[in-house]
Amino acid sequence: MTYLTAIGGYFLMIKNVFRRPTKWSILKDLIFKEIEDLIYNSMGIVIFISFFVGGVVAIQTALNIDNPLIPKYLVGFATRQSVILEFAPTFTSIIMAGKMGSYITSSIGTMRVTEQIDALEVMGVNSINYLVLPKIIALMLYPFVVATSMFLGIVGGWAASVYGGYSNSADFIFGLQDEFIPFHVTYAFIKTILFAFILATIPSYHGYFMRGGALEVGKASTTAFVWTSIAIILVNYLTTQLLLG
Amino acid sequence: MIEVDNLRKSFGDTQVLKGITTTFESGKTNLIIGQSGSGKTVFLKSLLGLHTPDDGTISYSGKPYSEMDIDERVGLRQKIGMVFQGSALFDSMTVEENVMFPLRMFTKMSKSERQDRADMVLKRVNLVNAHKRFPAEISGGMQKRVAIARAIVNRPKYLFCDEPNSGLDPKTAIVIDNLVNEITKEFEITTVINTHDMNSVMEIGEKIVFLRKGLKEWEGSNKEIFKTDNEAVTDFVYSSDLFKKVRQMYIEERN
Ligand SMILES: Nc1ncnc2c1ncn2[C@@H]1O[C@H](COP(=O)(O)OP(=O)(O)O)[C@@H](O)[C@H]1O
Ligand SMILES: [Mg+2]
């Protein structure tokens, strides 16, 4: 029952995000600030993780190919498939559920407990629109983050294969191009856009509707991370079944 | 003028406001007093529409809030200034940006006009060299003054303050009380202040509503409050030793 009210509350919030919009001159500033906080400040960790996880995927694949009948270029092929299909969109999003999500929940939650949200409402501002819409718009750049992750994951795989002596550059690149299905990229970016919406809104919901003090802000961030991850995993399953199944 | 009729509000099973009726006139400083937990904040937030009452009506200049459409409500809100207990300044903005925020949001003023108005109200609350600082970098008393500046910058018709003196030293508290009182007179504002500070009651309490356990126990002026026989009120008023002694002297003098 409480889950149902929470889900209902979430969709009511989404509806209110698009009502009574904030003046454009103010909204614009908020969007730029969110792009910096959410997108720009996440690039470092995405670059780091993507490069090394791509490397690990390549090494693991190479080590599992004992059979001499299996061609070496498979390392490139497997790296491309796992990075584009799952690692870059889904794994990165789970990490972002922690990074962006806790930032969003704690910043909105702090505004709630210090009555800053009440202050906005008293002035006649639609606080849900003011706080959540800039995040949704900023996260429209999230596919760019995931594209970076795809690219660096593959570069990491290539570097690990070549410099670790698991494959040569020509084989790896042949594998990358082998049986390439463009729709897989489309599928990955469709997921990414849905994940971006989840990343912007579920942590906002947990921050906006929290009660209590500083301690509860911490708890809300943890809860938000759990539910954002669950939503990402479920949506991942559903889109995969619908688009590839 | 704000008229409150039979206002009720519960959270779950706990009744916080049990039917409150009173009137707040414009150009007057109205105080809501009562022990902490008596429902002052809930009362104020219900007036503002931050809590939806379970029953009763709240009318602004004769028009019930519940009958206003969304545009009327937004219009009314823009004529309201509120000073929250913890100041509620936007911590991502500087002092000056906080004060200019309502102007930026709701007026067509140019940047320099907004700047001038912010300078003016900040001077008014005696803050002259904190414009570029962030709320976290100034003292609690300064934050309160910024909150007042932000509340009055767009010339509100209604001003609400939730415990404006809490956490301030007595001297600053008096400065703030007098400031709010002056502004109320000058702009004919309807001002409602929550407080449990007896100094405020004596200084600026033109109309006082005493809340106890969710009910209006007593109402009157600061001239009357020291003479009432209502025990709950005298208990509250004379809760400090100093006031007990003053009352003792008053009674002795009378006999
Ligand atoms: N949002 C809320 N949910 C549940 N109970 C609340 C809420 N706000 C206030 N209360 C309860 O209402 C009572 C009155 O609170 P409040 O108005 O803050 O008192 P005061 O401001 O006079 O100190 C308290 O018992 C408080 O626990
Ligand atoms: Mg209170």
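1. A small detail to start with: the side chain of B:T234 reaches the backbone oxygen of B:E231 at a distance of 2.9 Å. B:T234 sits in helix α9 of chain B, which covers residues 231-237. Please keep in mind throughout that this is a predicted model.

2. Is B:T234 buried or exposed? With a relative accessible area of 11%, B:T234 is buried, because the cut-off for that label is under 20%. If neighbours within four places in sequence are set aside, the contacts of B:T234 are with B:T228 and B:R247. It is worth having both of those residues on screen together with B:E231, whose backbone oxygen takes the 2.9 Å approach from the B:T234 side chain.

3. B:N126 makes a nice counterpart. This residue is found in the loop that joins α4 and α5 of chain B. Its relative accessible area is 52%, so B:N126 counts as exposed, the cut-off being over 50%. The C-alpha atom of B:N126 is separated by 9.8 Å from that of B:A149, and the two residues are 23 apart along the chain.

4. Next, have a look at helix α6 of chain B, residues 170-186. This helix has 17 residues and reaches 24 Å from its first C-alpha to its last, which is close to the 24 Å expected at 1.5 Å a residue. Just after α6(B) comes B:E188, which takes a positive phi of about 55 degrees. You may like to check the backbone there when you go through the model.

5. Which residues of α6(B) are buried? They are B:T172, B:A173, B:I176, B:D177, B:L179, B:V180, B:N181, B:I183 and B:T184. These buried residues pack against several elements of chain B: the strands β3 (29-33), β7 (158-162) and β8 (190-195), and the helices α4 (111-124), α5 (140-152) and α7 (198-204). Two of these partners, α4 and α5, are the helices on either side of the loop that holds B:N126.

6. Now to the ligand. Ligand 1 is surrounded by B:F11, B:V16, B:Q35, B:S36, B:G37, B:S38, B:G39, B:K40, B:T41 and B:V42. By type, the residues of this shell divide into 3 nonpolar, 6 polar and 1 charged. Helix α1 of chain B, residues 40-47, gives the most to the shell, with 3 residues.

7. Which polar atoms lie by the oxygen atoms of ligand 1? An N or O atom in the side chain of B:T41 is 2.7 Å from an oxygen atom of the ligand. On the backbone side, an N or O atom of B:K40 lies 2.9 Å from a ligand oxygen, and a polar backbone atom of B:G39 is 3.1 Å from one. On its own, ligand 1 has 560 Å² of accessible area, and the protein covers 60% of that.

8. Finally, a few words on chain A. Its secondary structure comes to 10 helices and 0 strands. The C-alpha trace of chain A spans about 70 × 40 × 35 Å along its principal axes. Chain A has 245 residues, of which 51% count as buried.

9. How do the contacts of chain A divide by sequence separation? Among those with a separation of 6 or more, 86% come from residues 24 or more positions apart. As for the surface, chain A exposes about 11700 Å², and carbon and sulfur atoms supply 72% of that area.

Conventions
Residues numbered from 1 in each chain as written. Chains lettered and ligands numbered in written order. Predicted model: local features only at pLDDT ≥ 70, side-chain atom pairs only at ≥ 80, totals over all residues. Heavy atoms only, no water. Near = heavy atom within 4 Å. Polar contact = N/O pair within 3.5 Å; in protein donor to acceptor, adjacent residues only side chain to side chain. Areas by Shrake-Rupley, 256 points an atom, 1.4 Å probe, with all protein chains shown as cover. Helix = DSSP H or I, 4+ residues; strand = E, 2+ residues; numbered from the N terminus. Nonpolar A, V, L, I, M, F, W, Y, C, P; charged D, E, K, R; others polar. Expected span 1.5 Å × (residues − 1). Buried < 20%, exposed > 50% of the residue type's maximum accessible area, 1.4 Å probe, protein only. Contact = heavy atoms within 4.5 Å.
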